[in-house]
Amino acid sequence: TGSNSTSQPAQSSGETVKTVTWASTSDITGLDPRNGNSTITASILASLYSTLVKTDPQGQIVCDAAESYEQVDDTTWHFTLRQDVYFTNGTQMTADDVAYTINSLRDSEKHYALSGDFSFMQVEVLGDFEFNIITDYAFPSLPLRLNYIKIVPSAYVEEVGDEGFAAAPIGSGPFKFVSWDTAGGMIVLERNTDYYGKVPSIERIVYKTVAVESTKSLMLRSGEADLAWLNAKYARTFRGKDGFTTVDFTTADL
């Protein structure tokens, strides 16, 4: 059976939501986006980090941290960064951060989980906010691939190391990291009020790993959780119930 997402309704658009608690069966694989290789992990990482480009609700590739881009030839793509993108430690994102992020994936000694997806490309810095991405071979779907790599702050990662960064990550996304209780499987994020895009109406996200389906179901019913991944059997018990919305990800047009 496929997985379903079941949630209680958030407040109407424009109203501030204090906290959203999300219950999911599986824990994340880590908070360094170069090792983010699961759907749940990607969902958390998308809240913490920016990408050069992203997919809009219609499935089209649009700019995110990049201001513009163009394909120069079969293996060269030219990018210009926005100049209002800042990491949550106050440092401005530059082409050096993009180069550090993508070029580090070519390091054969690091064994990042996403290395195989990005090791055929490298970044050539042209200025503070301009760079080329050069691929080893023609790859016309490069913008779509870039949707999956989040940019990390090079100076901070170099200062604290990969393990330190994974434990206390800094990004430039709509939310910022607060804490991660690895033993209890709980991650807390809070709204990034300095985000360059649309600032979220949600103030805080609490992600909880809850392995038992019946427990997640009870958390939804009691209001302890606002959103949960449920298998089809348990999701069906919420279908059509007042105050709940169910989405079947096996059939939904996402």
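## Strands β10, β11 and their partners

Strands β10 and β11 (the latter covering residues 202-209) run antiparallel to each other and share 5 bridges. This is a predicted model, and the sheet is a handy place to start looking at it. Two cross-strand partners help you find the register: I187 is bridged to Y207 in β11, and V188 sits across from V206 in β11.

On its other pairing, β10 (residues 186-191) meets β9 (residues 175-181), again antiparallel, with 6 bridges between them. Here K176 faces E190 of β10. The two strands make a hairpin with 4 residues in between, and G185 in that turn has a positive phi of about 65 degrees. As for β11, a parallel pairing with β2 (residues 17-24) adds 7 bridges. If you want a residue pair to check there, take V17, whose bridge partner in β11 is I202.

## The nonpolar cores

Which residues touch the most other members of the largest nonpolar core? They are L52, F131, I133 and L146, in a core of 51 residues. Apart from that one lies another core, this time of 10 residues, including A23, A225, A235 and F244. As a general backdrop, nonpolar side chains in soluble globular proteins tend to be buried together.

L52 is a good residue to click on. Leaving out anything up to four places away in sequence, L52 touches C63, D64, A65, A66, F79, L81, V98, F131, I133, L146 and I151. So F131, I133 and L146, which share the list of best-connected core members with L52, are also direct contacts of L52, because contact here means heavy atoms within 4.5 Å.

## Aromatic rings

There are 10 aromatic pairs in the structure. One of them is F79 with F131: the ring centres are 5.3 Å apart and the planes are at 0 degrees, so this pair counts as stacked. The pair ties together distant parts of the chain, with F79 in strand β6 (residues 76-81) and F131 in strand β8 (residues 130-135), 52 residues apart.

F79 and F131 are both buried. They also belong to one aromatic cluster together with Y69 and W77. Elsewhere, a charged residue meets a ring: R221 lies over the face of F238, 4.4 Å from the ring centre.

## Two buried hydroxyl residues

S172 is in the loop between α5 (154-167) and β9. Buried or exposed? S172 has a relative accessible area of 1%, so it is buried. Its side chain makes a polar contact with the side chain of S50, at 2.8 Å. Beyond its neighbours up to four places away in sequence, S172 touches L48, Y49, S50, V85, Y86, F87, M93, N192, Y195 and Y196.

T101 belongs to helix α2 (residues 95-104). With a relative accessible area of 0%, T101 is buried. What does the side chain of T101 reach? The backbone nitrogen of V152, at 3.0 Å. Setting aside neighbours within four places in sequence, T101 is in contact with R34, I149, K150, I151 and V152.

## Out towards the solvent

H111 sits in the loop between α2 and α3 (115-118). Its relative accessible area is 64%, so H111 is exposed. The backbone of H111 is worth a look too: phi is positive, about 60 degrees, although H111 is not a glycine. For context, most residues other than glycine have a negative phi.

L144 is part of helix α4 (residues 142-146). At a relative accessible area of 43%, L144 is partly exposed, because the cut-off for exposed is over 50% and for buried under 20%. L144 and S201 are 57 residues apart along the chain, and their C-alpha atoms are separated by 28 Å.

How values were computed. Residues numbered from 1 in each chain as written. Predicted model: local features only at pLDDT ≥ 70, side-chain atom pairs only at ≥ 80, totals over all residues. Heavy atoms only, no water. Core = buried A, V, L, I, M, F, W, Y, C linked by side-chain atoms within 4.5 Å. Buried < 20%, exposed > 50% of the residue type's maximum accessible area, 1.4 Å probe, protein only. Pairing = 2+ DSSP bridges. Phe/Tyr/Trp six-rings, centres within 6.5 Å; stacked < 30°, edge-to-face > 60°. Lys NZ or Arg CZ within 6 Å of the ring centre and 35° of its normal. Polar contact = N/O pair within 3.5 Å; in protein donor to acceptor, adjacent residues only side chain to side chain.
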